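Okay, thanks everyone for coming. I'll walk you through one chain today, and I'd like you to keep the picture up while I talk.

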Amino acid sequence: MIAREPTLARLATAESLLLQPSGLTPAHLQKALGEIMSHGVDDADLYFQTTRHEGWSLEEGIVKTGSFSIDQGVGVRAVSGEKTAFAYSDDLSWDALIDAAHTVRSISGQGQSRRVRARAAKVSKSRSLYPELDPIGTLDSQAKIALLEQVERLAKARDPRVVQVMAGLAAEHDVVLVARADGTLAADVRPLVRLSVTVIVEQKGRREVGSSGGGGRFGLAYFDEATVGTYVDEAVNAALTNLEARPAPAGEMTVVLGPGWPGVLLHEAVGHGLEGDFNRKGSSAFAGRIGQRVAAKGVTVLDDGTIADRRGSLNVDDEGQATQQNVLIEDGILKGYIQDAMNARLMGVKPTGNGRRESYAHVPMPRMTNTYMLGGDRSPEEIVASIKRGLYATNFGGGQVDITSGKFVFSASQAYWVENGQIQYPVKGATIIGNGPDALTRVSMIGNDLRLDSGVGTCGKEGQSVPVGVGQPTLRIDGLTVGGTV
């Protein structure tokens with residue numbers, strides 16, 4: 001639901017941290033925006049941010065590194081047509097702010113000034129999806145070290161073949177304040193935590209790796225003994241399974257993707273192609289296809305920034321727009337794209353709450369939040385049993401996609417060879433190759449086991465990284481190319 005009182009509380013927090021120490025008020029912000037708009041630009045905004053980040057890592061039974069950083073600043077943007085002028089500063093004083101405003105307003109190229117009445121400030125609608133807390137302070141230093149040591153202890157006790165354990169713990173407290181030329185004021189207080197576990201196992205001179213982890217927008221107390229134990233079990237099981245893996249067969253075949261994190265393939269192969277900037281420029285394989293069938297019946301894909309506590313969720317996006325649930329593909333029909341403010345204006349549609357940026361030193365662009373496919377009516381056991389000869393991929397490593405052609409390449413970090421509906425043995429070295437729009441039309445069975453990932457995803461685009469979520473049910477795709485080692 002969209003909340004009002006917490007919105008005002010977050011705004012007060014942001015003003016106390018970002019404006020008041022420098023003697024700034026919302027009136028100063030509107031004055032700076034008025035200076036920019038006086039030169040005939042189409043839009044302008046200010047993005048204030050302060051971020052505190054802490055990280056700990058364990059290796060060889062010792063907490064070897066610990067880090068703490070604080071970063072703050074303001075990004076100032078003017079938009080005219082398709083052109084963007086941007087300046088940023090780590091100085092939050094009025095002099096620095098007005099200097100940046102004067103720098104970016106030259107984008108209009110009109111060379112003359114005009115009087116613009118400052119818009120009355122209005123508080124943006126916002127959501128309340130996660131607690132307003134500083135996760136760094138939710139455990140003391142000794143408890144954080146003990147948490148990492150617990151990972152080591154549990155993993156070594158899990159199996160004698162575990163020879164090395166690596167664990168990382170990260171916590172971030174991010175406070176942002178957005179002021180827009182139309183008078184909009186918005187703020188967010190964003191906690192984010194993550195625990196990662198990697199193990200190396202050895203047997204008869206062969207070494208393999210397994211990893212797991214999770215997190216979200218909450219405090220570090222989330223990582224209780226049961227949760228940590230689950231991560232450790234998943235990492236150790238993955239590594240032990242890979243010890244038995246054989247070289248992967250190659251060729252065109254049926255591929256079944258497991259639920260949860262394998263949705264990263266959907267994110268790369270389809271999600272990026274549905275971002276507004278690529279479609280406005282006509283460079284996406286999905287450009288100009290709204291209302292057309294782009295996937296098999298039953299395929300419904302959402303981008304949803306409103307799921308409580310999720311890594312990819314936001315109360316407001318980085319342009320002050322409340323996040324929302326966006327239906328991108330419904331029963332195989334393309335319904336819409338992911339939009340930020342500039343691309344939405346140029347395409348004549350409304351923003352979708354997907355304007356995101358890595359930090360105050362970066363310009364916003366349309367980005368995914370939590371992108372996933374809805375479930376169907378088949379059991380995962382039924383889907384695996386339907387494979388005559390093919391691959392069952394339950395986890396993925398890295399991948400890449402060409403937005404224009406839609407071609408993708410993904411490496412499966414955990415996969416199995418299946419014949420006549422029976423899992424035969426684990427395989428390694430499997431690379432899944434395909435075309436995103438084409439692959440969606442080849443979906444032949446959709447599981448009833450929709451699952452989101454555990455909270456580990458980070459998405460890169462044009463040099464910027466932001467936290468995201470992915471998810472899907474078990475999925476059968478016919479006729480994908482698998483690059484193997486035999």
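Let me begin with a question: in which sense do strand β12 and strand β13 pair, and over how many bridges? The sense is antiparallel, and there are 4 bridges between β12, residues 301-304, and β13, residues 325-330. If you want a residue pair to look at, take D303, whose bridge partner in β13 is N326.

Before I go further, remember that this is a predicted model. The average pLDDT over the protein chain is 93, and 96% of the residues score at least 70. The stretch to watch is residues 111-118, where the pLDDT is below 50; it has 12 contacts in the model beyond near neighbours in sequence. Where pLDDT is low, the predicted coordinates should not be read in detail. I'll leave that part alone.

Now, the overall picture. We have 10 helices and 27 strands in the protein chain. The C-alpha trace spans about 75 × 55 × 35 Å along its principal axes. For 486 residues, a compact globule would have a radius of gyration near 23 Å, and the chain comes out at 24 Å, which agrees. Buried residues account for 56% of the 486. And if you take contacts between residues at least 6 apart in sequence, 76% of them join residues at least 24 apart.

Back to the sheet. What is the strand order there? Reading across, it goes β14-β13-β12-β17-β26-β23, an open sheet of 6 strands with mixed pairing. The edges are β14 and β23, residues 451-452, each pairing on one side only. For the parallel part, look at β17, residues 370-373, and β26, residues 469-472, which pair over 3 bridges. There, T371 has V470 in β26 as its bridge partner.

Packed on this sheet is helix α6, residues 263-271, and the helix touches β12, β13, β17 and β26. Its direction makes about 110 degrees with that of β26. Is α6 buried or exposed? All the way along, buried: 9 of the 9 residues, so the helix is largely enclosed by the rest of the structure. That includes charged E268 as well as L265 and L266, which are buried too.

Over at the β14 edge, β13 and β14, residues 333-334, pair in the antiparallel sense over 2 bridges. The bridge partner of I329 in β14 is L334. This is a hairpin with 2 residues between the strands, and D331 takes a positive phi near 50 degrees.

D331 also has a partner of its own. It forms a salt bridge with K297, with the closest N and O atoms 3.2 Å apart. K297 sits in the loop between α7 and β12, and D331 in the loop between β13 and β14, so the pair ties together parts that are 34 residues apart in sequence. K297 is exposed, at 60% relative accessible area, while D331 is partly exposed, at 31%.

Staying with salt bridges, the count comes to 29. Two of the pairs I picked involve strand β8. One is R10 with D188, at 3.9 Å from N to O. R10 is in helix α1 and D188 in β8, 178 residues apart, and both residues are buried. The other is D318 with R190, where the closest N and O atoms are 2.8 Å apart. Here the two ends are the loop between β12 and β13 for D318 and β8 for R190, 128 residues apart. Again, both D318 and R190 are buried. There's a network as well: D43, D45, R77, R180, E319 and R357 are joined by salt bridges that share partners.

Last stop, backbone oddities. Which residue in the loop between β2 and β3 should you click on? Try E60, which has a positive phi of about 55 degrees although it is not a glycine. At 53% relative accessibility, E60 counts as exposed, since the cut-off is over 50%. N420, in the loop between β19 and β20, also isn't a glycine and has a positive phi of about 50 degrees. N420 is exposed, with a relative accessible area of 60%.

That's my tour. Over to you for questions.

Methods:
Residues numbered from 1 in each chain as written. Predicted model: local features only at pLDDT ≥ 70, side-chain atom pairs only at ≥ 80, totals over all residues. Heavy atoms only, no water. Pairing = 2+ DSSP bridges. Contact = heavy atoms within 4.5 Å. Axes fitted to C-alpha atoms, helices over the stretch in contact; angles between N-to-C directions. Salt bridge = Lys/Arg side-chain N within 4 Å of Asp/Glu carboxyl O. Buried < 20%, exposed > 50% of the residue type's maximum accessible area, 1.4 Å probe, protein only. pLDDT = per-residue confidence, 0-100. Rg over C-alpha atoms; globule rule 2.2 N^0.38 Å.
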